[in-house]
Amino acid sequence: MSAVVASAARPRPRPGKSIFRHHVVRAVISIAVFLVLWELGSRLKAPWVGDVPPPTVVMNTWLPLLTDQGYWYSWYQSSRRVLSGFLAAMLIGIPFGLAMATSRFFHDVTFPVFEILRPVPPLAWVPASIIFWPTQELSITFVTFLGAFYTIVINVLGGARSIDVRYFQAAQSMGSSSWDIFRRIILPGTLPSIVVGSAVGMGITWEVVVAAEMISGGGSQAAGTGGGLGFFIWNSYVGGSYEQIVVGMISIGVAGYFSSELLRWLGKYVTPWLRVR
Amino acid sequence: MNQSAQTTRLAVDPGEIVVTGVSKSYGAVGRHKDVVRDCSFTIERGKLTVMIGPSGCGKSTLIRLLAGFERPTEGTVRLDGQPVTGPDRDRLVVFQETALFPWMTTYDNIMYGPRARGEVTRETLDLAEFLLNKVGLQEFRNKYPLQLSGGMQRRAELARAMINNPRVMVLDEPFRGLDAMTKELMWEYYSRLFEESGRTNFFVTTDIDEAVFLADRLLIMSNIPTQVRAVVEVDVPRPRRLTEIIESDRANEIKREALSILHAEAMRSFARGSKAATDFVEAYLKRANRA
């Protein structure tokens, strides 16, 4: 009983009141502990992590890179590929999934082919797409597109299919036309699944783009079409710079985190009705 | 706004539904299963007809037939003499639990029908305000359904149906899932709404207290295949108060009568498919008849 009173009386940090909110502090602690363990493991030559350069050394390699144009150009290249592949997947995947959900005929015609192609890993497409597409750039973007496309379509289809049938019945009874039902029931009803599908799809595009850049060699640097963070890592490996490999890896982690965060924010913005309670 | 709320009136045009010899079966030919068989009844003009029956007895199927979401295998459903061929605003269904569109605010939900038909006029806008006040949700007009309590959701749904001025309002266990207190408040609220409007209402439930309190006419249904087992006129004067109904001898008499019919039906439903249970029920019914 007294414990309850005590905990109720203790002022709790209120979210949104201070810049260092509770969960931000926790996140900082979590990252700090991780870095300290890594540093110790590396310095003490612990098994497995003994050969990984410690974070302080990685930092020393990273700092000069922050002013290096080539490093930022890798960021730019990978981000651009992710973004164009992802946007293409959204632009094609959402209407495709919606068409599959709303038209029996379209579904029956496209679904078998879709289901046969879906298990083929995007990376298995790299050699073929290098042959099919005129430029290296297009083939990498195409593989990135595939990574997000299947996930988005499956989510849109599942989302549209799981809309409560009573919503359609209610709308029909109240005199809705098919177009009205599509616009005011199917579209908003599928939106939460579109958000989930794109968040997952975005994660996959980062995985895919980096691997595609490695395999394809990132294209030719000279023509200004190559590079990318995947190529940056591969190049560091070939050049024997372990520190730079780690820099590349962390860069991708940070890039992936920010794109997911951006999508989450956008997702909340377009589905205000889920934000409630 | 207050002024328009006072001057706005619901011009109600109550309809009458006649169900004649309706059967509905599902499944392939030869292996099909009758859910409704040769069912006939009338939903009388301007009255509140309550249909009560054991759960799983095919009431929801009947509602889909009345609403026009499905067609009967045999027989006809007519509204004021016109055969029902599909869903229409003249027969609106208020669904079990809630079927408010979660992505629309209370106001947008209520305005759905008029907007869908392109009837956004001064008159419907006034009507929306009138109904928002009537169901007590003026302050919650910009809230999403998930932000409303269970009782508010049901009231919003009633308003969403009423703005379309249906000739018959069909309610499929609308208060299911509400807690006991809210449910009783909704009974009184809903029956006042009905008494004011004089609209034809068809209310489906499994709750005998709800049925007796609300009904002008009580249709007691049999098990699958569904038929009307008995029709009871609930001749208890309106307006009704819950406290009065609990003490009313007539209401209790009707309740006992309905319960005894329902009990036999429920026992049959319970026993379906089990030889031992069927024997038990037969023995029980014989003893009951002798007594």
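This is a short tour of a predicted model, with one selection to make at each stop.

**Stop 1: colour chain A by confidence**

Start with the whole of chain A, where the mean pLDDT is 85 and 88% of the residues reach 70 or more. Now select residues 2-9, which form helix α1 of chain A: among the elements of this chain, α1 has the lowest mean pLDDT, 43. Widen the selection to residues 1-9 of chain A, and you have a stretch with pLDDT below 50 that makes 0 contacts in the model beyond near neighbours in sequence. For the other end of the scale, pick helix α5 (residues 104-117) of chain A, whose mean pLDDT of 94 is the highest among the chain's elements.

One more selection belongs here: residues 219-225 of chain A. Their pLDDT also stays under 50, and the model gives this stretch 11 contacts beyond four places in sequence.

**Stop 2: two helices side by side**

Next, show helix α7 (residues 136-161) and helix α9 (residues 178-216) of chain A together. Their axes come within 7 Å and cross at roughly 155°. How do the two run relative to each other, parallel or antiparallel? Angles over 145 degrees count as roughly antiparallel, so α7(A) is roughly antiparallel to α9(A). Turn the view to follow the crossing, which is right-handed. If you colour the residues of this contact by class, you will find 16 nonpolar, 16 polar and 2 charged.

**Stop 3: a single leucine**

Now move along to Leu274(A), in the segment after helix α11 (242-270) of chain A. Is Leu274(A) buried or partly exposed? It is partly exposed, because 16 other C-beta atoms lie within 10 Å, while a buried residue would need 20 or more. Add Pro192(A) to your selection and draw a line between the two C-alpha atoms: they are 8.5 Å apart in space, although 82 residues separate them in sequence.

**Stop 4: where chain A meets chain B**

Bring chain B into view. Here 17 residues of chain A are in contact with 20 residues of chain B. On the chain A side, the elements that give two or more residues are α8 (165-173) and α9. Of the elements there, α8(A) gives the most, with 7 residues. Sorted by class, this side of chain A has 8 nonpolar, 5 polar and 4 charged residues.

**Stop 5: chain B by itself**

Finally, hide chain A. Chain B has 11 helices and 10 strands to look through. Of its 291 residues, 41% count as buried. Among the contacts in chain B with a separation of 6 or more, 71% are between residues 24 or more positions apart.

Key: Residues numbered from 1 in each chain as written. Chains lettered and ligands numbered in written order. Predicted model: local features only at pLDDT ≥ 70, side-chain atom pairs only at ≥ 80, totals over all residues. pLDDT = per-residue confidence, 0-100. Helix = DSSP H or I, 4+ residues; strand = E, 2+ residues; numbered from the N terminus. Contact = placed C-beta atoms within 7 Å. Axes fitted to C-alpha atoms, helices over the stretch in contact; angles between N-to-C directions. Parallel < 35°, antiparallel > 145°, perpendicular 65-115°, else oblique. Left-handed = near helix turned anticlockwise from the far one by under 90°. Nonpolar A, V, L, I, M, F, W, Y, C, P; charged D, E, K, R; others polar. Buried ≥ 20, exposed ≤ 12 C-beta atoms within 10 Å, placed from the backbone.
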